Amino acid sequence: MSSISFLSRILQPRKATGLLYLACAFAASAQAANIATPAVVSPDAGSLQTALMQNMDGHEHIATDPYLQTMQAAQGGQVDAKFNLGWMYQTGTGVKQDGAMAAYWYERAAVKGYSDAMNNLGELYQTGKGTEKNYVRAAQWYRKAAESGNANAMSNLGAMYRAGLGVAQDDVQAAQWFRKAADAGSANAMNALGELHLSGKGVDKNLAHSAQWFHDAAKAGNAAGMFNLAQAYLHGQGVPIDEAAAAQWLHKAAAKGNAAAMTHLGDLYDDGKGVTKSSAVAVEWYRKAARSGDKTGMNNLGVMYQAGTGVERDLVEAAEWYRKAAEAGDASAMSNLATLYANGMGVAPNQTQAMHWYHKAAEAGHVRAMLVLASRYHAGNGVQQSDAQSAHWFLKAARAGHAGAMNNLGVLYQHGKGVKQDHAQAAAWYRKAAEAGVAAGMFNLGMMYETGHGIAHNAMEAMRWFLAAAEAGDEDAIAKLNTLAQAGRLEEYRLARSATKR
């Protein structure tokens with residue numbers, strides 16, 4: 001008999017954990033393509049008035065409104081006033097926000113060689129605010145500004161190379177521009193260099209260098225650098241593990257509005273790592289992160305409401321936060337919301353909605369959702385029974401590294417359920433599962449060795465895998481060993497045990 005194990009009907013909610021935040025050398029707010037808003041240069045404090053005074057004729061009547069003053073100076077040919085006017089239109093400072101007018105005045109300043117205007121014009125082309133989105137034009141303006149020595153533009157050009165936007169993707173070029181920007185004082189670039197050294201893209205992989213760049217960025221006030229430095233302390237990447245230090249840097253990043261840091265602080269308080277354990281405090285950090293738009297924080301807040309941890313249990317509230325996170329693209333939330341629909345928890349039971357969200361989660365790479373789909377298609381639970389679909393999702397989960405799915409896929413290959421019967425494939429998947437520690441996979445591999453199906457008959461190997469499965473608690477293997485012992489095959493048992501110990 002081949003062992004196959006499927007999931008129970010009710011699954012516990014899963015708290016998502018954020019991956020290392022990669023800011024791509026931009027500011028903290030991320031775009032949909034994981035490219036955050038480029039650095040935009042603002043006029044120095046008082047520069048609007050200073051620009052005006054430098055252009056004033058004491059015999060003229062000058063309007064006192066800052067916008068009108070700046071407009072008069074810009075129309076009089078003062079280059080920095082043109083830049084300032086562009087910034088006012090871009091940010092809606094003293095005038096109605098107007099991206100097209102911002103682009104107009106930035107370009108008037110840019111053609112006169114004003115590098116900050118070149119950089120900000122590049123940002124408008126990159127984001128499509130006030131101009132048609134054009135990555136090539138964005139990269140061109142960043143390059144002009146960078147070649148004029150503008151640190152923000154160097155960093156932004158590096159990010160364009162890193163992402164392959166408007167230029168051919170080139171991590172080496174990205175690293176070179178980030179290094180120039182960092183040397184010129186760009187904290188965003190320092191953080192980006194830390195990320196490159198962490199991944200080994202464009203530069204040598206060096207965790208110590210990575211941590212140092214994160215530290216430099218953090219000290220310069222960069223929220224993403226603070227977050228990444230905290231991750232380095234949590235995981236011992238280039239620095240000794242120090243959960244207390246990680247918590248301190250996460251607090252600093254959160255204070256600067258980094259939503260991912262808020263979510264991770266929730267994790268630390270929930271687990272009691274580096275801080276005094278408090279589920280109630282964890283809930284508040286998840287709430288702050290969720291309200292700041294962090295989808296992982298939304299999901300984790302839903303988990304706390306579903307479990308009643310740190311907050312009064314409220315399944316309706318849990319469902320609402322899962323929905324918000326799911327609609328924002330969080331795969332764990334999609335799976336959690338599906339489970340609520342499947343079991344009528346906080347929402348009316350709806351198997352169609354359950355399958356919809358399980359599919360969305362699985363297609364987003366969520367392994368647990370893949371397993372649920374495989375199980376439901378196998379049993380015809382809430383969906384038309386389909387061995388082919390069951391095999392499809394077990395294969396997806398197995399390729400994603402789930403050992404139990406490897407065993408179950410072996411069962412389907414062995415019996416030709418949803419796939420063409422193939423004993424060699426069955427044995428191969430059983431072996432993967434067995435070597436990953438799945439007791440059922442060990443037993444099934446032993447059976448393949450005993451019968452010679454899909455693999456050469458080998459009684460010794462069969463006995464060895466039966467023994468390993470029995471020691472892992474597999475009841476089928478225990479029963480099999482008892483049967484073999486009663487049949488007088490104790491010598492094989494003794495030899496297999498000796499081989500296993502070696």
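## Buried or exposed

A residue counts as buried when its relative accessible area is under 20%. Over 50%, the residue is exposed, and in between it is partly exposed. E195 has a relative accessibility of 1%, so E195 counts as buried. This is a predicted model, and the buried label comes up again below.

## The whole chain

The protein chain has 502 residues, and 50% of them count as buried. Its secondary structure comes to 26 helices and zero strands.

Consider the contacts in the chain with a separation of 6 or more. Of these, 49% are made by residues 24 or more positions apart.

## A buried salt bridge

How many salt bridges does a search of the whole structure find? The search finds five. Three of them are described here, starting with R162 and E195. The side chains of R162 and E195 meet at 2.7 Å, N to O. R162 lies in helix α7, residues 151-163, and E195 lies in helix α9, residues 187-199. The pair therefore ties together parts that are 33 residues apart in sequence.

Is R162 buried or exposed? R162 has a relative accessibility of 14%, so R162 counts as buried. Its partner E195, at 1%, counts as buried too.

## A salt bridge inside one helix

R179 and D183 also form a salt bridge. Their closest N and O atoms are 3.1 Å apart. Both residues belong to helix α8, residues 171-183. They are four residues apart there, so about one helical turn separates them.

Now check their accessibility. R179 has a relative accessible area of 43%, so R179 is partly exposed. D183 has 56%, so D183 is exposed.

## A salt bridge between α25 and α23

K480 pairs with E450 in a salt bridge. The closest N and O atoms of this pair are 2.8 Å apart. Which helices hold the two residues? K480 lies in helix α25, residues 475-486, and E450 in helix α23, residues 439-451. The pair therefore ties together parts that are 30 residues apart in sequence.

## Helices α15 and α17

Next comes helix packing. Helix α15 spans residues 295-307, and helix α17 spans residues 331-343. Their axes are 9 Å apart, and the helices pack at an angle of about 30°. Angles under 35 degrees count as roughly parallel. α15 and α17 are therefore roughly parallel to each other. The crossing of α15 past α17 is left-handed.

Which residues make the contact? From α15 come N299, V303 and Q306. From α17 come S332, A333, N336 and L340. By class, this contact has three nonpolar residues, four polar residues and no charged residues.

## Helices α2 and α3

Helix α2 covers residues 66-75, and helix α3 covers residues 79-91. Their axes come within 8 Å and cross at roughly 140°. That angle makes α2 oblique to α3. Why is the pair not called roughly antiparallel? That label is for angles over 145 degrees, so a crossing at roughly 140° falls outside it. The crossing of α2 and α3 is left-handed.

On the α2 side, the contact includes P66, Y67, T70, M71, A73 and A74. These residues meet A81, K82, N84, L85, M88 and Y89 in α3. By class, the contact of α2 with α3 has nine nonpolar, two polar and one charged residues.

Note on methods: Residues are numbered from 1 along each chain as its sequence is written. This is a predicted model: local features need pLDDT of at least 70, side-chain atom pairs count only at pLDDT 80 or more; totals for chains, interfaces and linings use all residues. Side-chain values use heavy atoms; hydrogens and water are left out. Axes are lines fitted to C-alpha atoms, for helices over the stretch in contact, and angles run from 0 to 180 degrees between N-to-C directions. Angles under 35 degrees count as roughly parallel, over 145 as roughly antiparallel, 65 to 115 as roughly perpendicular and the rest as oblique. A crossing is left-handed if the near helix is turned anticlockwise from the far one by less than a right angle, and right-handed if clockwise. Contact means heavy atoms within 4.5 Å. Ala, Val, Leu, Ile, Met, Phe, Trp, Tyr, Cys and Pro count as nonpolar, Asp, Glu, Lys and Arg as charged, and the others, Gly among them, as polar. A salt bridge is a side-chain nitrogen of Lys or Arg within 4 Å of a carboxyl oxygen of Asp or Glu. Buried means under 20% relative accessible area, exposed over 50%, partly exposed in between (1.4 Å probe, protein chains only).
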